[in-house]
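Q: I'd like to learn how to read the place where two chains meet. Can you walk me through it?

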Number of protein chains: 2
Amino acid sequence: MDPHSQSPPPAAEDDPDAMPREQQQREEAPPGYVPPMSPEEVAAVEALLGYEFKDKSLVGEALTHGSFYLPYRSGDSTYERLEYLGDGVLTCLVSREVFLTYPDLPPGPLTRLRAANVDKEKLARVAVDHGIHRFLRHKAPKLEEQIADFVKELGQYEYHSNGLLDAPKVLSDIVESLIGAIYVDSKYNQEQVWQVFRNLADPLISLETLGKHPVSELLEFGQKTGRIVDISKDGWVKDTKVDVFVDGVLVASATYAQKKEIASNRAAKAALDKLKEMSGQSDVQSAPAEAPEPLDELDHYGALELQ
Amino acid sequence: MDPHSQSPPPAAEDDPDAMPREQQQREEAPPGYVPPMSPEEVAAVEALLGYEFKDKSLVGEALTHGSFYLPYRSGDSTYERLEYLGDGVLTCLVSREVFLTYPDLPPGPLTRLRAANVDKEKLARVAVDHGIHRFLRHKAPKLEEQIADFVKELGQYEYHSNGLLDAPKVLSDIVESLIGAIYVDSKYNQEQVWQVFRNLADPLISLETLGKHPVSELLEFGQKTGRIVDISKDGWVKDTKVDVFVDGVLVASATYAQKKEIASNRAAKAALDKLKEMSGQSDVQSAPAEAPEPLDELDHYGALELQ
C-alpha cells in the first residue's frame, strides 16, 4: 500500500457523524497529524462564550495544549501565542473597568483589584464555572488529575481563596487564549472582548469581596499587636512542612507535596483562624496595637495540623 | 484683611503672561493650592505627543508628581491613577504589535519583546527623547538629580542598556500616565493611543535589537563552556560591591551606591566583555561547549574595577 494514501481525508465539516469520523482519522493519520475540533465542539464553545467566530480554527488553536501532539512533535497550533495576547488585552480591559468603577481609589488598591480579576485562580474559576475545561485538547494525564482536584476544592471559597488553592495554570491559560482568539477574530475590537469576558467573569471581584492574602494579614497582625510572628519553612521534616510560630509558640502547620507557597498560605490562614477564635474577634485586623491580647493560652490548644 | 480674599483669581487662560501670573498665584494662594498647567505648557505637551486633548486638565494631572503638593498634602490630582491605566493599555497594544509583527514567534520571545518595549528604561528613554520630562511638575530635588544622571548616561546605549542603567521610575510613570490620559480623553480609543505611542517609541525594540541581560548571558556562558561562574554579592566590603568569579578567578567587580541589581548587571557585563576580548570572539554565546577556551591568562589581566 502506498504510504501517501494514509494522508487524512478532507475535514468532514458537514457530517453529523463527525466525532467517530474524527477518531477514525486519528487512527489512520500519519504521525503527528492532529484532527481539527469538530464543528459540534466549536459550536458548543461558541455557545459557552456567547461569541460566534468567523475563523473557526481559532477555537481549536485556543484549546490545544502542547501535549496534544505527543509523541510526535510539540505542535505549531497550540494555545500559547493566543494566551500571551489574551493576557495583554485582559490586563487593559480589567484596568479600565476598575479605574471607572472606583473613580477615587488610589493606585495600590486599583492594582490589587486588577490582579485579583486576572490572576491564575480567578481565570481558572471562569474556566470551571462555564465548563470550558471540558474542551481542552491534551494528552497529559497529570493535568486531568490536577483539574479534578481543583474542581473538587473550588466550592469551599465563594470568590477567591487568596492563595489557599493551587489552580492549574492550564485552566487560566485557555481562558486567556480564548480571549486572545476573540480579540484576533473581532479584528481587535476591545468592546466585543470585554462583553464576553464581563459575562464569563461575573461577578468580578470588587473592593468588598477582595480578600486579604493570609501571609500578609498574619504579618500585619504581628506588627499591629507587637507579637513576633515567624513563618518557618524549614521545620524538622525539611522542605515538606510550614510552621507558624507566634511569640515562639507553634500555632499552626501545613504540609505540602508540591508548592511551599500554598502551604505557607494555608498555615497562615489556620493561624489567623485560631487567633481570631481565641480573641473572640471576627477580624484580627482590628486588634488595637496599644493593647495586644495575651497569647499564653495557646499552649493549651497545641498545634493545628493541616493536610 | 479677609482671608477669603486670598483665594486664587480665576485661571488666566488667555493671558500671554501666564507664567509670571502663575508664580504670583502660588505665592498668594492658600496652603495646598496648586495652579493648573498654563495653556502654553499644555499646548507644548500636546505638540510633543501629536495629540490634542479635549479635556486639558488631564495633561496637568498626568504630569503632576505627588511631591508637587508638598508640604501641604500628597495631592488628589497626581499621575498615579492615569499611570496605572496607561500601563494596562500599553501592555495590550504592545502585545498585539509584537504578536502581529512575528507571526511564528513562540510565547517566550514574544513576552521578552513586549517587556523590553514597555519596561522602565524604554519608557524613560521615550520621555527623554521627546523632552517630556521637562514638563514634570514636582518638588523633589532628588528627582532632578536622578533624571540628570540618566540623561547623561543614556547616550552610551543605542536601544537599551539591558539592566546597566538605573532609569528613574518617574520618567516611565509620566509616559504611562500620558498614554492613560489619551486613552481616557479619546473615550478609550486604542487605535488613537497606539498611533501616539508608536511615534513616541520609535524605533520599537525588535528581535534584532533585543539585547541579552548580562547576568543571564554570563550564566549561559558558564553552562555552555563548563566554567564555574560565581556572582558574589557579599565581597569583603559587604553590601557595596559585586564580584564575578570564573573558575575561582576574579574577573570583574562593580560597586554600587543604591541598587545591587544594577551593580550585578554591570559586573556581569564587564566580565563578559573581558571574556570576549580574551577569546577574540564577538559573541561569547557561540563558544562551543565541547571545547572551552582556557582561562588561565586571566591571572595576568587581574581584576577590572568599575565605578
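A: Sure, we'll go through the interface and then some salt bridges, keeping in mind that this is a predicted model.

Q: How is the size of an interface given?

A: People often quote the accessible area that is lost when the parts come together. Here, about 2,400 Å² is buried between chain B and chain A, and carbon and sulfur atoms give 61% of that. On the chain B side, Arg81(B), Tyr84(B) and Phe99(B) lose the most area to chain A, together 35% of what that side buries.

Q: Which element gives the largest share of the side of chain B that touches chain A?

A: That's α4(B), with 17 residues. As for the kinds of residue on that side, you get 18 nonpolar, 5 polar and 7 charged.

Q: How many salt bridges are there between chain B and chain A?

A: There are 2. In one, Asp87(B) pairs with Arg114(A), the closest N and O atoms being 3.0 Å apart. This pair crosses from helix α4 of chain B to helix α5 of chain A. Arg114(B) also forms a salt bridge with Asp87(A), again with 3.0 Å between the closest N and O atoms.

Q: Is Arg114(A) buried or exposed?

A: "Buried" is for residues under 20% relative accessible area. Arg114(A) has 11%, so it counts as buried. Asp87(B), at 24%, is partly exposed.

Q: What does a salt bridge within chain B link?

A: Take Arg96(B) and Glu191(B), whose side chains meet at 2.9 Å, N to O. They link helix α4 and helix α9 of chain B, and sit 95 residues apart. Arg96(B) is buried at 8%, while Glu191(B) is partly exposed at 40%.

Definitions and conventions. Residues numbered from 1 in each chain as written. Chains lettered and ligands numbered in written order. Predicted model: local features only at pLDDT ≥ 70, side-chain atom pairs only at ≥ 80, totals over all residues. Heavy atoms only, no water. Buried area = accessible area lost by both parts, 1.4 Å probe. Salt bridge = Lys/Arg side-chain N within 4 Å of Asp/Glu carboxyl O. Helix = DSSP H or I, 4+ residues; strand = E, 2+ residues; numbered from the N terminus. Nonpolar A, V, L, I, M, F, W, Y, C, P; charged D, E, K, R; others polar. Buried < 20%, exposed > 50% of the residue type's maximum accessible area, 1.4 Å probe, protein only.
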